[in-house]
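Student: I should like a close look at one part of this model, namely its charged side-chain pairs and the loops and helices around them. Please set the account out as one connected answer.

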Amino acid sequence: MSQRHQLSACPSCEEPLESGDLFCGACGYDLSAVPPPPEDRPTAVTGPPAAGAAWPPAPAGSGREQPLGDPPGGRPAAGVPAVRFDARAAVAGDAGDFELPAPAPAPVPGTAAEPWGPGAPVPPPAPETAPEAVPDLPEAAPVAGTRTPAPPAAPAPAPYAEASGQAPAPGQAPDPRAAEHTATPPAGTRLCVACRAGHVDPDGYCENCGHAQPRERDHMEEELGAVAAVSDRGLRHHRNEDAFAVSSTALPDGSPAVVAIVCDGVSSATRPDEASAAAAAAANESLLASLPRGTHPQTAMHDAIVAASEAVNALAGGDGGQDGDAMEHDPHRHHRNAPACTLVGAVVANGLLVVGWVGDSRAYWVPDDRSGPPARLTEDDSWAAQMVAAGLMNEAEAYADERAHAITGWLGADAYELDPHTAAFKPDRPGVVVVCTDGLWNYAEGAGDMARVVPPDAADRPLHSAQVLVGHALDGGGHDNVTVAVVPFAVVPGGAGSA
């Protein structure tokens, strides 16, 4: 088809044309004088690369033998470390937050080019020699693989000269980014866990990237010589309402006593995180005070649960913002929905294993020799446990009911009555005691299930074992906060009895 037949408007006045017009009807422009369009020649290969060819292909003369990137969706070559790209940096770069240094002056013949980075010294001009004869080439197409000489001018200032200790060039303002990242933060200032550069404001957000910082209780770990505990927020809750306390002391005869306390805040109550923390701390302090005095561990555990209950009850005095007159007129209203939690604890002392609990947090016995039977050492204060104890349902039916986990005992000002449970055992073989909240045992409910997920070397590596158990709950869905303490138990010579 001829060129004039392809024109829809006059090139001179843009008058619409019809097929077969030789001249413009408005201005008389000779349409036959319009030159034909250049032949369409593709400048890039659009098909897939040939087998064995690098993709994307390296430019000729670039000196690179390996491709600069992987094809979309491909994997990096073996031995090449993976690269992570910060999405915030990419967005900020589009907005102009990440500027490149100014380009160097236009190159002129007869000087050496500036080496690879800006700010490098420029070598003196090379001695003038007779120009080497080269074939004539278009000015806009330099020979591939050659370097164009640069002028003998001062190098462009590096954008991060401040960071390297170099002073800025005369008349140039210092780079604010360099000053921001090299300034020494004040003592006690927290750095952002995301960008590792910004300071964290009092509200818990990074002043540089705005990232919300994880709270201290979102994940906690503690290890002593003979006990370890781990607590994690889980994958569904917005905060960690569990708490734990681990410690050790000495009995009057000098033998060691190891303590582990685990508490689970009741989410339907107010300030459950404070309730669990207060209960764990109070129970631990009570045991550390009574055991060195020679109090029997089972009695000491009972007294510790009472002390924990009093600590949680004291939190109810700050609920609701009511004054003393309001409490006198309606003393029961003040305790509605008061802070509450469950508690389970274990003491290992002089060949004796003592557990105490209120609520549905549990303790399990897992022997080192897995040929021996594991055991659950506690009974839940829950609707399901009551149904099973009364013979109204079997365990499978009771725990399948939606009311199964409704607790019937807890620590708090609105509890019906405090009924601490304690039990003492004398295991005849070494093993570990697993003290945990329902965030773990929901994923390993039976004693056999718990024994299967406890690592075989739990007695030698209690912290590692606690981490593995928390990971098991997170892998299972992490629907609740997860807290577990692992307490190794060594058999005292001459001991007898079983768990």
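Tutor: The account below begins with the salt bridges and then turns to single loop residues, the cysteines and a pair of helices.

This is a predicted model, in which local features need pLDDT of at least 70 and side-chain atom pairs count only at pLDDT 80 or more, while totals for chains, interfaces and linings use all residues. Residues are numbered from 1 along each chain as its sequence is written, and side-chain values use heavy atoms, with hydrogens and water left out.

Side chains of opposite charge can pair when their charged atoms come close. A salt bridge is taken here as a side-chain nitrogen of Lys or Arg within 4 Å of a carboxyl oxygen of Asp or Glu. Across the whole structure, the search finds eleven salt bridges. One of them links aspartate 218 with arginine 233, at 3.6 Å from N to O. Aspartate 218 belongs to the loop between helix H3 (176–182) and strand E1 (219–223), and arginine 233 to the loop between strand E2 (228–232) and strand E3 (242–250), so this pair ties together parts that are 15 residues apart in sequence. The helices (H or I, at least four residues) and strands (E, at least two) are DSSP runs, numbered from the N terminus.

The two partners differ in their accessibility class, for which buried means under 20% relative accessible area, exposed over 50%, and partly exposed in between (1.4 Å probe, protein chains only). Aspartate 218 is buried at 11%, whereas arginine 233 is partly exposed at 28%.

Two further salt bridges can be described in the same way. Arginine 403 pairs with aspartate 401 at 2.9 Å, N to O; the arginine 403 value is 42%, partly exposed, and aspartate 401 is partly exposed as well, with 21%. Aspartate 428 and arginine 429 form a salt bridge at 3.1 Å, N to O. Here aspartate 428 is partly exposed at 37%, and arginine 429 is partly exposed at 31%. Through shared partners, salt bridges also join Arg215, Asp218 and Arg233 into one network.

Another acidic residue, glutamate 241, sits in the loop between E2 and E3. Glutamate 241 is buried, with a relative accessibility of 5%. Contact means heavy atoms within 4.5 Å. With neighbours within four places in sequence left aside, glutamate 241 has contacts that include Arg217, Asp264, Asp273 and Asn481.

The loop between H3 and E1 also holds tyrosine 205, which is partly exposed at 42% relative accessible area. The C-alpha atoms of tyrosine 205 and cysteine 192 are 8.0 Å apart, with 13 residues separating the two along the chain. Beyond residues up to four places away in sequence, tyrosine 205 touches His199, Val200, Gly210, His211 and Ala212.

As for the cysteines, a disulfide is a pair of cysteine sulfur atoms within 2.5 Å, and the structure holds zero disulfides. For cysteine 195, the closest cysteine sulfur is that of cysteine 206, at 3.7 Å, which is too far for a bond. Cysteine 195 is partly exposed at 22% relative accessibility, while cysteine 436 is buried at 0%.

Two loop residues have a positive phi without being glycine. Arginine 271 has phi near 50° and lies in the loop between strand E4 (256–265) and helix H4 (272–290); its relative accessible area of 24% makes arginine 271 partly exposed. Asparagine 350 has a phi of about 55° and is placed in the loop between strand E5 (340–349) and strand E6 (352–358). Asparagine 350 is partly exposed, at 49% relative accessibility.

Finally, H4 packs with helix H5 (residues 297–315) at an angle of about 145°, their axes 8 Å apart. Axes are lines fitted to C-alpha atoms, for helices over the stretch in contact, and angles run from 0 to 180 degrees between N-to-C directions. The residues that meet include Ala275, Ala279 and Leu287 in H4, and Met301, Ala304 and Val312 in H5. By class, this contact of H4 with H5 has 14 nonpolar, two polar and two charged residues, where Ala, Val, Leu, Ile, Met, Phe, Trp, Tyr, Cys and Pro count as nonpolar, Asp, Glu, Lys and Arg as charged, and the others, Gly among them, as polar.
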